[in-house]
Amino acid sequence: MGIVSEASKQQIRDRVPLEDLVREYHVHLVPSGRRLKGLCPFHAEKTPSFSIDVEKQYFYCFGCHAGGDLFSFVKVIHHVDYPEALEILARRAGVVLQYVDGRGSVRGGHGVDRESLSAIHDSLELAQIAQV
């Protein structure tokens, strides 16, 4: 399949502000200096220890020590791995993930390039002819 291109990741970052994503999980965020603070969605607490640096688009919880960017947030909140977090966020952002193979070539869609699609199409045609 390859690695998701940096351009695809950046499109997601541009379309999904971390603070908006966190609020979708019912975290009430309030301004605190240059940051936003709220109760951590990852553990029970009575005083806010969850913080978002809006400028850098990173979060950190001083209680459970969870931290990272929006991809990390989705990984932890949904208990998924990084590729699944990318897919969740890509769907939310309306981004079609582009993949980079080992040669540095970018492939669109779900990791299938034109050459592969053409080969699949030819194989399906042959299979249909064989059934007749």
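A salt bridge here is a side-chain nitrogen of Lys or Arg within 4 Å of a carboxyl oxygen of Asp or Glu. That cut-off returns in several of the views below, all of which come from a predicted model.

**View 1. Glu6 and Arg13 meet in a salt bridge**. The closest N and O atoms of Glu6 and Arg13 are 3.0 Å apart. Lys9 joins the picture as well, since Glu6, Lys9 and Arg13 are linked in a network of salt bridges. Both ends of the Glu6–Arg13 pair are partly exposed: Glu6 has a relative accessible area of 48%, and Arg13 has one of 26%. Across the whole structure, a search finds 5 salt bridges.

**View 2. Asp20 and Arg23 pair up within helix H2**. These two residues are 3 apart, about one turn of the helix. In general, an α-helix has 3.6 residues a turn, so residues three or four places apart point the same way. Asp20 and Arg23 form a salt bridge whose closest N and O atoms are 3.9 Å apart. Asp20 is partly exposed at 37% relative accessibility, and Arg23 is partly exposed too, with a relative accessible area of 38%.

**View 3. A salt bridge joins Arg35 to Asp53**. Here the closest N and O atoms are 3.9 Å apart. Arg35 belongs to strand E3 (residues 35–38) and Asp53 to strand E4, so the pair ties together parts that are 18 residues apart in sequence. The two partners sit in contrasting surroundings: Arg35 is partly exposed, with a relative accessible area of 38%, whereas Asp53 counts as buried at 8% relative accessibility.

**View 4. Cys40 and Cys61 face each other without a disulfide**. The sulfur of Cys61 is the nearest cysteine sulfur to that of Cys40, at 3.6 Å. A disulfide would need the two sulfur atoms to be within 2.5 Å, and Cys40 is in none. Seen from the other side, Cys61 is also in no disulfide, and its nearest cysteine sulfur is that of Cys40. A search of the whole structure finds 0 disulfides. Both cysteines are buried: Cys40 has a relative accessible area of 6%, and Cys61 is at 0% relative accessibility.

**View 5. Helix H3 turns a set of buried residues to one side**. Running over residues 70–78, H3 has Leu70, Phe71, Phe73, Val74 and Ile77 buried. They cover an arc of only 160° around the axis, which puts them on the same side of H3. Several elements help to cover these residues, including helix H1 (6–15), helix H2 (18–23) and helix H4 (82–93). Strands take part as well, among them E4 (50–53) and E5 (58–61). Just after the helix comes His79, with a positive phi near 55°.

**View 6. Asp69 caps the N-terminal end of H3**. Look for Asp69 in the loop between strand E6 (67–68) and H3. Its side chain reaches two backbone nitrogens: that of Phe71 at 3.1 Å and that of Ser72 at 3.0 Å. The contact with Phe71 is the one that marks Asp69 as the cap.

**View 7. Asp69 is buried yet has no salt bridge**. The nearest side chain of opposite charge is that of Arg13, 4.7 Å away. The cut-off for a salt bridge is 4 Å, so Asp69 and Arg13 do not count as a pair. Arg13 instead forms a salt bridge with Glu6, as seen in View 1. Leaving aside neighbours within four places in sequence, Asp69 is in contact with Leu18, Gln57, Tyr58 and Phe59.

**View 8. The whole chain puts the close-ups in context, with 5 helices and 8 strands**. Read along the sequence, the elements follow the pattern β-α-α-β-β-β-β-β-α-α-β-β-α. Of the 132 residues of the chain, 32% count as buried. Among contacts with a separation of 6 or more, residues 24 or more positions apart account for 40%.

Notes:
Residues numbered from 1 in each chain as written. Predicted model: local features only at pLDDT ≥ 70, side-chain atom pairs only at ≥ 80, totals over all residues. Heavy atoms only, no water. Buried < 20%, exposed > 50% of the residue type's maximum accessible area, 1.4 Å probe, protein only. Helix = DSSP H or I, 4+ residues; strand = E, 2+ residues; numbered from the N terminus. Arc of directions from axis to C-beta. Contact = heavy atoms within 4.5 Å. Polar contact = N/O pair within 3.5 Å; in protein donor to acceptor, adjacent residues only side chain to side chain. Lys, Arg positive; Asp, Glu negative; His and termini not counted.
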